[in-house]
Structure formats: structure tokens, C-alpha cells
Amino acid sequence: MSSVVVIGGCAPGGGGGESGGDGPITVGVEAGSPWETFFKEKAVEFTAETGIEVEFQAIPHANMRQQFLTDAIAGAGSIDVFTIDQPWLPEFASQGYLVPFDDVVAEDDRADFLPHTLDTVSYDGGLYGLPYMVHNTVLYYRTDLFEAAGLDGPPTTWDEYREYARILTDRDAGIWGTIIPGKQDGEVATRFQTFVKQTGSDIAAEDGAPTIDTPEALEAFDMMTAIQFEDQSSPPGLHDITEIQGQFLEGKVAMVFQWPYMYGMTADPAQSKVVDQVGLALSPGNPDRVSTTFSWGFGVNSASANIDAATQWVLWATSTDVLTELSVTQVTPVPRESATEAAAEDPALTAEQHAAIATFSDSVAESTTIPMTPFYPQYQDAIAVAVSSVMSQNQDAAAALRDAQATAEAAFG
């Protein structure tokens, strides 16, 4: 079973902090998240193994980035370990607010991480932490509706996706084949970026320069608008992740793209009207059956006075044993191959849960992450504006993409 090792027995220093310190350490976590609950319960085991006491500072997601940033800029070191939502990492790493991990994780241990997962915690060729959860969207579909329509399985291409959405739409019964995202928010931009990746393209080049205005992005809009306006296989209006999820759980939509966390909700009668009627599959492609991979991970504040102890937490919290338990208890994909394999053999999971984890993990392994540039949030905002403009029919796709490209180029400089 794989384990993480510290090269030379200690973590590198960085920023205004000092290598050393035996704790206690403070870990900043997302308030109310399943990760807060899980790691709080596990922390007693870490303390028993290392003697390092762990305190948690729970922060609402909307405030996490700013609170971490404020601590880092001030060099206060009041939070030793940041829980990193991946889009923040390039900004923090480029400013020296995270301890480099290049000399911390052995090469053979890096090989235990699934393809591309360490990319989610890397910037400019350097490693700045470790992920504990990686995920992207997969296709959730109604197996009962597919069977009734004579469809043998989920769509594998955009053409099939559009065709199946038409077939599955029954307006008299209040059933829509799918639901196309369109509101102006970050989640909607994420969906659009995934569509672009499915064409074999992306929204940025290797150097981080934006590549939003492309023929492939226009193809994505063509697909979205055809389903929404020509076929009318998606309910009218502008939709966000909350509505997409809600309508699927209410039994009103046959196919949606959603994160792994919704899987548990579909099996809960208190939240779902489609219990035992849900299948999972890789997203249909054009031609690539991929999605955009994101991660949550831990990074060490370079202003910490307890860098060694904080580093030990990061290594322990992302070890095979801990991640296996995380995967099993929350039916979620994790970045380690050894943990994924161990979870696949765990008898506590049902056959359906094993299959779900396999689908989530396969999607991560096939996919790539967001552009790791400090300007990604600006790109995301520009795309969100473009999608909303097109799906509200206030602007044609070509003009919306030109405007988004110009906004992103101004941010990139």
C-alpha cells in the first residue's frame, strides 16, 4: 500500500514562515462541507500517530479565498494549512503564499496519483500541495425513461445526445430530454468549458493565454442553442446548477451533467423522486468523452510557524488509507490509484456504488484540468457573461465569443 514520504525528513521553508514547529496546527476548512466533517473525525488518528494537535477553522466557501489571502498577505500564519479550491492555487502559488512540495513527495509516490490529478495542484512546473478529492461532471440519466423509449444505453456523441434529448422529451408529461445551462455564473462557465474540451480544444493555451474565441467554442454554442431553441428539448429559461440538479431529482429531466456529490442524493428518498432509476456514464463527446477536472486539496501556508507539522498533516490526509476511507464513506472519486483500487474491493459498498466510483474515476483519468493560470477566474467570468448573453438570445454566439476573448486578453495582459 502506497504512502507519502518526506524527502530529507522535513518540509522546505518558504515565504515568511519557518521550517519547523511541532504544532498545534490550524487547518482552514469549508464550513458545513462533507470534508470538514470527515477530516475533523479523522484528526484524532493523526494526533495519535504524530502527537500533533489539530484545530479547525471553518469558513463559509464564499469567504475562504479572501480570508486565506488576508492571512497570507499579512504573513500572520494563523492558519497553517489552507484547504485549496483549485482555481485559487495559481494566484497563491505565484505570490509565494504556498510552500513548494517538489522536494516533499517522492517520485514513486507521485506515480500513485491518477493521470492529471497532480496537475490540479501545480503551477509553473512546481507542486504546491496535494489533492484529496478530484472530480468532474459525468452524465446522469434516467434508466427507466431510456428503457421506455427503447434506448439501449447512454449517448456517446453530441449527435446522439441531441437525438436522445428529442426522443426523451414529453412535454405533456412534463419531462424534458435534458437541460442546458445558461445563467451567468461560474458553474455555467464550467459546463461550457467542458463542452469545449469535448471538441479536443480548450479555453487557454499552454502558456495560459486565452483561446476562447475559436471554431470549437462556436460548435459548443451551436449544440447548446440547437437543443434549447430548435429542438426545445430543454425547458425554457436560463438554468444554473441548482435548477439543473433540482429538476433531475424531481424527475422532470432525463439527462444532466453533474458532479459526483449528486449521486448520493439520487439514492435518498428524502431528496429524490428517481431512486433506483439513475445510471451514470462518461459524458458524450465531440469526439472526446471528457470533462473538466477540478480538485480540492491541502496546501501549507508559507507564513506558518509550523511548516513541518503542517506538511505532515497534508501528507497524512492524502495518504492511501485516509483517501480509501474518504472514497468509501462518501462514494466519491479520490486522486490515488491505490485508494481507488482499495475502495473498489471494499465489501461495504454495493455493486451500484462500486460502478459509480469507477465511472467518476474513469472520467477523471480521461480528462484534464482547468488552465492553471492566475487569470482563470477572469476567464471564467468572461465565459459566464458570454453564455448568458447567447442563451438569453441577447447576442449571437460569434459576437459573445469575441467579447469574452477581448475581456480575457485584457486580464492576461
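The following exchange examines a predicted model of one protein chain.

Trainee: How many helices and strands does the secondary structure of the protein chain comprise?
Mentor: The model is predicted, and its elements are counted from the assigned secondary structure. For the protein chain, the count comes to 16 helices and twelve strands.

Trainee: Why can the protein chain be called as compact as a globular protein of its length?
Mentor: The chain has 413 residues, and for that length the globule rule gives 22 Å. The C-alpha atoms fill a box of roughly 65 × 55 × 35 Å along the principal axes. The chain is as compact as a globular protein of that length because its radius of gyration is close to the rule's value, at 22 Å.

Trainee: What share of the contacts with a separation of 6 or more comes from residues 24 or more positions apart?
Mentor: Burial may be stated beforehand: of the 413 residues, 58% count as buried. Among contacts in the chain with a separation of 6 or more, the share from residues 24 or more positions apart is 77%.

Trainee: How far apart are the mean positions of the positive and negative charges?
Mentor: The protein chain carries 16 positive and 60 negative charges. The mean positions of these two sets are separated by 9 Å.

Trainee: Which residues does the cis peptide bond join?
Mentor: Most peptide bonds are trans. In this model, a cis bond with omega of about 10° involves proline 287, a residue in the loop between strand E10 (278–281) and strand E11 (292–300). The residues joined are asparagine 286 and proline 287.

Trainee: Is valine 331 buried or exposed?
Mentor: Most residues other than glycine have a negative phi. Valine 331, in the loop between helix H12 (320–330) and helix H13 (337–344), has a positive phi of about 45°. Its relative accessible area is 11%, and the cut-off for burial is under 20%. Valine 331 is therefore buried.

Trainee: What is the exposure class of glutamine 232?
Mentor: Glutamine 232 lies in the loop between helix H8 (215–230) and helix H9 (241–249), and its phi is positive, near 55°. The relative accessible area is 42%, which falls between the limits of 20% and 50%. Glutamine 232 is therefore partly exposed.

Trainee: How far apart in space are glutamate 41 and threonine 292, C-alpha to C-alpha?
Mentor: Glutamate 41 belongs to helix H1 (residues 34–50) and counts as exposed, at 56% relative accessibility. In sequence, glutamate 41 and threonine 292 are 251 residues apart. In space, their C-alpha separation is 30 Å.

Note on methods
Residues are numbered from 1 along each chain as its sequence is written. This is a predicted model: local features need pLDDT of at least 70, side-chain atom pairs count only at pLDDT 80 or more; totals for chains, interfaces and linings use all residues. Side-chain values use heavy atoms; hydrogens and water are left out. Helices (H or I, at least four residues) and strands (E, at least two) are DSSP runs, numbered from the N terminus. The radius of gyration is taken over C-alpha atoms; the globule rule is 2.2 Å times the number of residues to the power 0.38. Buried means under 20% relative accessible area, exposed over 50%, partly exposed in between (1.4 Å probe, protein chains only). Contact means heavy atoms within 4.5 Å. Lys and Arg count as positive and Asp and Glu as negative; His and the chain ends are not counted. The place of a charge is taken as NZ of Lys, CZ of Arg, CG of Asp or CD of Glu.
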